[in-house]
Amino acid sequence: MDKLLIQGGVPLTGEIAISGAKNAALPILCACLLTSEPMHLTNVPRLKDISTMLRLIEQMGVTVSRDGANGLVVDSRGLDKPLAPYDMVKTMRASILVLGPLLARYGEARVSLPGGCAIGARPVEQHIRGLQAMGAEIHVEQGYIQAKAGGAGKRSLSGTCVVTDMVTVTGTENLMMAAVLAKGETIIENAAREPEVVDLANCLVSMGAQISGAGTDKIRIRGVKRLHGATHRIMADRIETGTYLCAAAASGGSVRLTGTSAAYLDAVVDKLLDAGCDIVAEREAIRLTAPSRLKAVSIRTSPYPAFPTDMQAQFMAINCVAEGSAVIRETIFENRFMHAVELIRLGADIRIDASNAMVTGVDRLEGATVMATDLRASASLVIAGLVAQGETLIDRIYHLDRGYEAIEEKLSQLGARVRRVR
Ligand code: EPU
């Protein structure tokens, strides 16, 4: 199993390019199932989760070919096996995103029910309930979601109004993808407003879908008979962007991140400004210069546009070495503090009380061997390792490879002393 070895204490400086967003690319690859014409995608990040999704759709009969370093051509003409097997879903929960498109285009689907994961139980009943409201017949049998569109003889879903009980990102995406080929109008209320939902909607619109309101909590979709092929560029990864901003801030560095934008990062940028960083938003780049010592900043995670849960662990890491104390409140997932115990092994002062973490900054962290437990937890350990004195060895970095493209190369480009150990 690969490990990451970091020699801490080097302020990050220089420029790197930010990759395409994992959480936009995953639903958009599923949207390719909605048309029998080829889809041309650019800025697709090279990540473990993306290759898992490609394997998943390929075993359904879809053909995928590479087009340059980050381009893909996805051809779903041969789609003939609407199945997402347990082996794949258990390694990547986002596999559930094939459910809506398969029902819409193929009229049926058999998708393994995702189990819990390291950060929480993460049920998917909102996806199922919404699809049932659109007329799908769904039952769970031997761990699989068995779904059929409409009653006997009918092959399509019907538009309806769905109000989700909570804001769910992939739930909104699944319902939106199901609705684009449904009969009549679907309204999704309490919809997720995340920029990745908007990127998916933009891609669907370029395929001929009729969608309005994406980016608000009420999305209207008027079903069309068919969708056609299109070209779409995946948006920049706002969480990768935020992670490198935090790494530069914590290490006392100065970086410029290109191919990204501060537009989707207001809540994160505001907190970094509160921490004392100097940030300049350019049209397609962000520059950050860290102060001599960061100030501790409290955060509370919430759906977009509030502070993202996917940046919580990274802010815990920067608070570990900031001046003062901060309270971190996680409201989205019930078990997303697993990085705290690992940060404590590096010398951090963190007390956990249910969904609150009280972090008091210390003068220095010291390198140690730590274990990554999930994607963003791993990112917080990298940030801590970059500021810790001496050597930090991060075990189980396959979590990092799921969501950070070429992380050791990008960090090295910024001057970090980091090496993958096999
Ligand atoms: N929830 C339910 N029932 C449902 C759906 C959601 O109870 O049917 C709950 C979840 O358990 C959670 C909350 O609602 O407590 C929000 O979950 P959501 O459905 O929004 O999460 P998700 O769609 O499964 C996506 C991202 C996550 C990110 C969350 C929150 C993708 C592929 N994944 O997950 O990304 O943390 O939204 O923003 O888009 C990551 O990239 O590291 C990651 C975990």
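In this predicted model, the ligand is surrounded by 21 residues, and the closest of them are Thr168, Thr170, Asp310, Ile332 and Arg376. By character, the residues of this shell divide into 9 nonpolar, 6 polar and 6 charged. Several polar atoms of the protein lie at short listed distances from the ligand: an oxygen atom of the ligand is 2.8 Å from a polar backbone atom of valine 169, a polar side-chain atom of lysine 22 lies 3.0 Å from an oxygen atom of the ligand, and a nitrogen atom of the ligand is 3.2 Å from a polar backbone atom of proline 123. On its own the ligand has 830 Å² of accessible area, and the protein covers 86% of it. The elements that give two or more residues to the shell are helix 1 (22-31), helix 5 (125-133), helix 6 (169-179) and helix 12 (375-387), and the largest share, 3 residues, comes from helix 5.

Helix 12 leads from the ligand to a sheet, since this helix, besides giving residues to the shell, packs on an open sheet of 4 strands whose order is 22-23-1-24 and whose pairing is mixed. Strand 22 (369-371) and strand 24 (417-421) stand at the edges of this sheet, and because each has a single partner strand, one side of each is left without a neighbour in the sheet. From one strand to the next, the twist averages 20°. Strand 1 (residues 3-7) and strand 23 (residues 391-395) run antiparallel and are joined by 4 bridges, and within this pair leucine 5 has leucine 393 of strand 23 as its bridge partner. Helix 12 touches strand 1, strand 22 and strand 23, and the direction of the helix makes about 30° with that of strand 1.

A second open sheet also has 4 strands, in the order 18-19-21-20, again with mixed pairing. Here strand 18 (299-300) and strand 20 (349-353) stand at the edges, each with a single partner strand, so one side of each has no neighbour in the sheet. Strand 20 is joined to strand 21 (residues 356-360) by 5 bridges, with the two strands running antiparallel, and arginine 351 stands opposite methionine 358 in strand 21. Helix 10 (residues 312-320) packs on this sheet and touches strand 18, strand 19 (325-329), strand 20 and strand 21, while its direction makes about 30° with that of strand 21.

Two loops beside these elements deserve a look at their backbone geometry. Most residues other than glycine have a negative phi, and most peptide bonds are trans. In the loop between strand 20 and strand 21 is alanine 354, which has a positive phi of about 55° although it is not a glycine. The loop between strand 18 and helix 10 holds proline 305, and the peptide bond that reaches this proline from tyrosine 304 is cis, with omega near 10°.

A hairpin completes the tour. Strand 8 (residues 137-141) and strand 9 (residues 144-148) pair in the antiparallel sense over 5 bridges, and histidine 139 has glutamine 146 in strand 9 as its bridge partner. Between the two strands of the hairpin there are 2 residues, and in this turn glutamine 142 has a positive phi of about 50°.

Notes:
Residues are numbered from 1 along each chain as its sequence is written. This is a predicted model: local features need pLDDT of at least 70, side-chain atom pairs count only at pLDDT 80 or more; totals for chains, interfaces and linings use all residues. Side-chain values use heavy atoms; hydrogens and water are left out. A residue is near a molecule or strand if one of its heavy atoms lies within 4 Å of it. A polar contact is a pair of N or O atoms within 3.5 Å; within protein, one must be able to donate a hydrogen and the other to accept it, and residues adjacent in sequence count only if both atoms are side-chain atoms. Accessible areas come from the Shrake-Rupley method with a 1.4 Å probe; for residues, only the protein chains shown count as cover. Ala, Val, Leu, Ile, Met, Phe, Trp, Tyr, Cys and Pro count as nonpolar, Asp, Glu, Lys and Arg as charged, and the others, Gly among them, as polar. Two strands pair if DSSP finds at least two bridges between them. Contact means heavy atoms within 4.5 Å. Axes are lines fitted to C-alpha atoms, for helices over the stretch in contact, and angles run from 0 to 180 degrees between N-to-C directions.
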